[in-house]
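New to this one? Here's a quick briefing to read with the model open beside you.

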Amino acid sequence: MGLRPLAERYADRLPLSRGAAIVSLGEGSTPLLSAPRIGARLGTELFLKWEGANPTGSFKDRGMTVAVTQALADGARAVVCASTGNTAASAAAYAARAGLDAVILQPEGAVARGKLAQARAVGAKVETRSSFEEALAEAQELEARGTHVLVNSLNPLRLQGQKTAAFEIVEELGAPPEVLALPYGGGGNLCAYALGFGEEGAGMPRLVAGEAANRPGTVASAIRISEPAHAEAAQRAVEESGGSVVPVDDAAILEAWELLAREEGLFCEPSSAAGLAALLADPPGDARVVCVITGHGLKDPDAVA
Ligand SMILES: *Cc1c(COP(=O)(O)O)cnc(C)c1O
């Protein structure tokens with residue numbers, strides 16, 4: 001049977017209806033890898049939380065198992081999301097697993113090949129809209145009509161599921177790290193980690209968030225977000241933790257991305273390296289650091305060329 005689904009492991013810390021049938025593909029329980037080479041370069045004790053090891057290849061699965069489990073328990077027939085890729089791939093897979101329809105509204109162009117293939121393969125209905133904002137507005141309309149459950153990170157169950165990564169880190173290290181670095185796109189994941197460490201109650205790491213210096217035009221498609229949905233809460237979480245938001249340009253993101261591949265053997269998608277790029281730009285000194293590597297490199301094979 002392997003490891004238990006996170007919705008079962010952390011049932012007492014998730015707001016799911018009692019007795020809900022858990023929709024799982026075996027998400028969570030991802031590796032926390034020691035990264036001595038890059039750690040030495042930074043002068044820190046570095047660990048990588050490898051979220052590409054989730055079933056559809058990104059941390060989105062942590063939130064999706066919880067959101068889709070509750071949607072099914074509530075009698076939903078279909079889910080909808082607006083997505084540039086990983087949310088779509090995850091929503092489509094969990095919907096298929098639950099026997100629900102999935103509608104994916106994607107912005108024109110700029111969707112990585114692997115992610116689109118993932119959504120299509122499991123039978124999602126994929127439609128294109130001219131912008132992310134238009135796609136999201138239409139997804140919200142479908143939700144308001146009551147025909148579809150919205151599974152973007154505006155659905156609070158997504159962040160509830162994603163917070164479990166913080167639980168796993170504390171379990172494995174025996175305490176929170178001093179620094180947690182991660183990419184900052186919409187900011188949902190940042191808020192989820194703050195929530196998770198907060199609930200653990202053993203102290204908050206300094207949150208170091210790598211955001212694309214050129215948000216609308218970055219090569220890192222998963223964080224190509226002009227207006228972060230969770231900007232206010234994310235900013236507050238970073239400030240309260242004593243951390244920082246670090247703008248990183250594409251060259252710095254790609255350098256960190258290549259470093260992860262060549263020095264640690266970890267092939268992630270470019271966006272996933274933004275947390276490391278932030279650490280390289282502003283090394284935290286002699287500290288225990290966890291850097292979240294958010295998604296798998298196979299999703300965006302064209303980036304290698
Ligand atoms: C969604 C995603 C991000 C950004 O996460 P936010 O919660 O939007 O900040 C970063 N990397 C990958 C691989 C993602 O799929």
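What follows is a short tour of the sheets, the helices packed on them, the cores and one buried charge.

Keep in mind that this is a predicted model. One open sheet has 6 strands with mixed pairing, and another open sheet has 4 strands with parallel pairing.

**The six-stranded sheet**

- Reading across, the strands come in the order S1-S2-S10-S7-S8-S9.
- Strand S1 (32-34) and S9 sit at the edges with a single partner strand each, so one side of each has no neighbour in the sheet.
- From one strand to the next, the twist averages 25°.
- S1 and S2 are an antiparallel pair, joined over 3 bridges; for a spot to look at, find Leu 33, whose bridge partner in S2 is Leu 48.
- S7 and S8 run in the parallel sense and pair over 5 bridges, with Ala 181 standing opposite Val 208 in S8.
- S8 is mostly covered, as 6 of its 7 residues are buried.

**Helices on that sheet**

- Helix H9 (residues 188-200) packs on the sheet and touches S2, S7, S8 and S10. Its direction makes about 155° with that of S7.
- H11 lies across S1, S2, S9 and S10, and it runs at about 95° to S9.

**The four-stranded sheet**

- Here the order is S5-S4-S3-S6.
- Strand S5 (125-129) and strand S6 (149-150) take the edges, and each has a single partner strand, so one side of each is left without a neighbour in the sheet.
- Strand S3 (residues 78-82) pairs with S6 in the parallel sense over 2 bridges; look for Val 79, which has Val 149 as its bridge partner in S6.
- Helix H6 (residues 132-145) lies across S3, strand S4 (101-107), S5 and S6, at about 155° to S3.

**The nonpolar cores**

- As a rule, nonpolar side chains in soluble globular proteins tend to be buried together.
- The largest nonpolar core here has 31 residues. The members that touch the most others are Leu 46, Leu 48, Leu 260, Leu 276, Leu 279, Cys 291 and Ile 293.
- Several elements give two or more residues to this core, among them helix H2 (36-42), strand S2 (45-50), helix H11 (250-264) and helix H12 (274-281).
- Strands S7 (179-183), S8 (206-212), S9 (244-248) and S10 (288-293) also give two or more residues each.
- What does Leu 279 touch, leaving aside its neighbours within four places in sequence? Leu 279 is in contact with Leu 42, Leu 46, Val 179, Ala 181, Pro 284, Val 289 and Cys 291.
- Apart from the largest core lies another one of 27 residues, including Tyr 10, Leu 16, Cys 81 and Ala 91.

**A covered helix**

- Helix H8 (residues 164-173) is mostly covered, with 8 of its 10 residues buried.
- Among the buried residues of H8 are Phe 167, Glu 168, Ile 169 and Leu 173.
- Just after H8 comes Gly 174, which takes a positive phi of about 85°.

**A buried arginine**

- Arg 158 belongs to helix H7 (residues 156-162).
- Arg 158 is buried but has no salt bridge. Which side chain of opposite charge is nearest to Arg 158? That is Asp 61, 8.6 Å away.
- Not counting residues up to four places away in sequence, Arg 158 touches Lys 60, Gly 63, Met 64, Ala 67, Thr 87, Val 151, Asn 152 and Ser 153.

Technical notes:
Residues are numbered from 1 along each chain as its sequence is written. This is a predicted model: local features need pLDDT of at least 70, side-chain atom pairs count only at pLDDT 80 or more; totals for chains, interfaces and linings use all residues. Side-chain values use heavy atoms; hydrogens and water are left out. Two strands pair if DSSP finds at least two bridges between them. Contact means heavy atoms within 4.5 Å. Axes are lines fitted to C-alpha atoms, for helices over the stretch in contact, and angles run from 0 to 180 degrees between N-to-C directions. Buried means under 20% relative accessible area, exposed over 50%, partly exposed in between (1.4 Å probe, protein chains only). Lys and Arg count as positive and Asp and Glu as negative; His and the chain ends are not counted. A salt bridge is a side-chain nitrogen of Lys or Arg within 4 Å of a carboxyl oxygen of Asp or Glu. A nonpolar core is a set of buried Ala, Val, Leu, Ile, Met, Phe, Trp, Tyr and Cys residues joined through side-chain atoms within 4.5 Å.
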